[in-house]
Amino acid sequence: MSDYHKFTLDRTKIGLLIRKAIVDSNLTIEQVSINLELTSSRVIYDWMNGIKLPNIENLINLALMLNKKIEDFIALQ
C-alpha cells in the first residue's frame with residue numbers, strides 16, 4: 001500500500017475543459033442542456049464553474065455530443 005496515492009478530480013480544471021469544449025462546438029448552453037435532457041441549464045453552469053461534476057451518463061453524452069473523448073474532460077490534482 002505504500003505505492004498508493006489517492007487522486008482527486010480538479011473540478012475547476014474540469015469545468016474549464018467543459019466550457020472550452022462547449023464554446024468550441026458553437027452550441028449554446030441551452031442547446032447542450034436540451035440535448036442532455038436536463039431540467040435546467042443551470043447545472044451546466046455549475047459544471048463549468050467547478051461547483052458540480054457531471055454524472056458518468058452526462059459525461060459520456062457530453063463527450064459524444066461535442067466529438068470528444070471522456071478523457072478530454074478529466075483533470076487530476
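**Exercise 1. Find which atoms meet at the start of α1, and describe the helix that follows.**

Solution. At the beginning of α1, a side-chain oxygen of D10 comes to within 3.1 Å of the backbone nitrogen of T12, which fits the definition of a polar contact (a pair of N or O atoms within 3.5 Å, where one must be able to donate a hydrogen and the other to accept it, and where residues adjacent in sequence count only if both atoms are side-chain atoms). The model is a predicted one, in which local features need pLDDT of at least 70 and side-chain atom pairs count only at pLDDT 80 or more, while totals for chains, interfaces and linings use all residues. Residues are numbered from 1 along each chain as its sequence is written, and side-chain values use heavy atoms, with hydrogens and water left out.

The next step is the helix itself, where helices are DSSP runs of H or I with at least four residues, numbered from the N terminus. Helix α1 covers residues 11-25, and its 15 residues reach 21 Å from the first C-alpha to the last, close to the 21 Å expected at 1.5 Å a residue (1.5 Å times one less than the number of residues). Just after α1, N26 takes a positive phi of about 65°.

**Exercise 2. Determine which residues of α1 are buried, and why they lie on the same side.**

Solution. Buried means under 20% relative accessible area and exposed over 50%, with partly exposed in between (1.4 Å probe, protein chains only). By this rule I14, G15, I18, A21 and I22 are buried in α1. They lie on the same side of α1 because they cover an arc of only 130° around the axis, the arc being that of the directions from the helix axis to the C-beta atoms. The face turned away from the buried side carries the exposed residues T12, K20 and V23. The cover over the buried residues includes α2 (29-35), α3 (42-48) and α4 (56-65).

**Exercise 3. Compare S41 and T39 in the loop between α2 and α3: which is buried and which is exposed?**

Solution. Both S41 and T39 lie in this loop. S41 counts as buried because its relative accessibility is 19%, whereas T39, at 88%, counts as exposed. Leaving aside neighbours within four places in sequence, S41 is in contact (heavy atoms within 4.5 Å) with I29, E30 and S33. T39 and K68 are 29 residues apart in sequence and 23 Å apart in space, C-alpha to C-alpha.

Notes
Helices (H or I, at least four residues) and strands (E, at least two) are DSSP runs, numbered from the N terminus.
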